[in-house]
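Biologist: Could you walk me through this model, and show me how each label is earned?
Modeller: Gladly! Let's look at it together.

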Amino acid sequence: MKLFAQTDAEAFVKTGAKEFRYNRDVSITPAAKDVLSESGVKTIFDTAAPAPAAAVSPAAKPAGKASDEALFNSPEARAIKDQICDIGRRIWMREYCDGNGGNISCRLTPDRFICTPTGVSKGFLKPDMMCMVDGEGNQVAGTWKRTSEFTTHLAIYNTTPAAISVCHAHPCHAGAFVIKGLIPPPRLIPELEVFVGQVAYAPYRTPGSPEMYEAIKPLAPQHQSILMGNHGVITWGNSVEDAYFKMEITDAYCRTIILAQSIPGGTSIPCEKMGDLMDIKKKLGLPDSRYDLKPAELCEIDPWQTMKDRPCECSSPASAAAAAGATMTNAELENTVQSLTEEILKQLQPK
Ligand SMILES: [Zn+2]
């Protein structure tokens, strides 16, 4: 059986032929089928067809391809594939991904990444479904087609050398903040402060688009957890499990805040204790954009007041620019203030 993979299909398309005839000795991978159909090439099963020249056995492939295959089947790659399957199951069990939602990747070498395929539930991944992709997002190994959102992962890898793995999912509690255009306020639970840090907010962009890449890029180096407007959450870490931990902590934090909304009152981590958390974090070698802030600056935001008052993404200088799309313009703000003032004056007038 000869395998006709994505790169074979790409080479075939370049020949300009409009029909691809194959027989039972050839197995076409799903990614190769996509390449052919997207290029308008018809695939025809024909028992009399000769073996296509492009469908070569792995042993006969050129050196670059052979080394990618070797890397893809190395013990290191196998270990990562197993970890991704394990985390996929955990993501699905915790209802962080719906349908085919979510994707996971891990850096194998400086420009080779293992990632999940498109169109499958993360709860039922198998190691042989994994893909290997280069630093530009081109698939270089694996018979399943890579996730279309890998380019968004690249926005993190290309700007953040410490990022070894990226996890993207659609968890419902963080998702509630996402569709409200809100960043969960800080200073409520040490777990988030130390192990995740300031959560950032990227405005909505089409999933997998170059615009999505651009929206994530400036936030990634300082933020291990980023809410993606009207979409989901993307996190990064120093291992597949660590990237997933950021997802789990972010969603648990959001869930706790949502639950707490139905209970009166609310306390926060005292201002003077925030420095201790930053010290712990620094010792662990974790990034945080707040290291240079003074204790008073760390406490500028009153978390509970923020939840009552206004979207909080506009109160964080680091994410203000990114969230600009979700906040009011000055003109809009002025109009709102004016109509509120008029309304109040009307109410005050004797009837
Ligand atoms: Zn998504």
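Modeller: Keep in mind that this is a predicted model. Let's start with T116, which has a relative accessible area of 0%.

Biologist: What makes T116 buried?
Modeller: Buried means under 20% relative accessible area. T116 has 0%, so T116 counts as buried. T116 sits in the loop between strand 6 (112–115) and strand 7 (131–134). Its contacts, leaving aside neighbours within four places in sequence, include I84, N103, L125 and C131.

Biologist: Why is C131 called buried?
Modeller: The cut-off is under 20%, and C131 has 0% relative accessibility, so the label fits. C131 lies in strand 7. Beyond its neighbours within four places in sequence, C131 is in contact with residues including F72, F113, T116 and W144.

Biologist: How do you know that helix 5 is largely enclosed?
Modeller: Helix 5 covers residues 150–157, and 7 of its 8 residues are buried, so the rest of the structure largely encloses it. The buried ones are F150, T152, H153, L154, A155, I156 and Y157.

Biologist: And helix 6: what makes its buried residues line one face?
Modeller: The buried residues there are A174, G175, F177 and V178. Looking down the axis of helix 6, they fall within an arc of 160 degrees, so they line one face. An α-helix has 3.6 residues a turn, so residues three or four places apart point the same way. The face turned away from the buried side of helix 6 carries the exposed residues C172, I179 and K180. Among the elements covering the buried residues of helix 6 are strand 10 (200–202), helix 9 (240–260) and helix 12 (303–309).

Biologist: Now the metal. Which residues are the protein donors of the zinc ion?
Modeller: They are E149 (OE), H168 (NE2), H170 (NE2) and H231 (NE2), lying 2.1 to 2.8 Å from the zinc ion.

Biologist: Why is the site of the zinc ion called irregular?
Modeller: Four donors count as tetrahedral if all angles lie between 85 and 135 degrees. The angles among the 4 donor atoms here are 92 to 142 degrees, so the upper end goes beyond that range and the site is irregular. In sequence, the donor residues are spaced E-x18-H-x1-H-x60-H. H170 and H231, 61 residues apart, link distant parts of the chain.

Biologist: Is H231 buried or exposed?
Modeller: H231 has 17% relative accessibility, and buried means under 20%, so H231 counts as buried.

Definitions and conventions:
Residues are numbered from 1 along each chain as its sequence is written. This is a predicted model: local features need pLDDT of at least 70, side-chain atom pairs count only at pLDDT 80 or more; totals for chains, interfaces and linings use all residues. Side-chain values use heavy atoms; hydrogens and water are left out. Donors are N, O and S atoms within 2.8 Å of the metal (3.2 Å for Na, K and Ca); water is not among the atoms, so sites may look incomplete. Four donors count as tetrahedral if all angles lie between 85 and 135 degrees; four count as square planar and six as octahedral if opposite donors are over 155 degrees apart and all others between 65 and 115; anything else is irregular. Helices (H or I, at least four residues) and strands (E, at least two) are DSSP runs, numbered from the N terminus. Buried means under 20% relative accessible area, exposed over 50%, partly exposed in between (1.4 Å probe, protein chains only). Contact means heavy atoms within 4.5 Å. The arc is that of the directions from the helix axis to the C-beta atoms.
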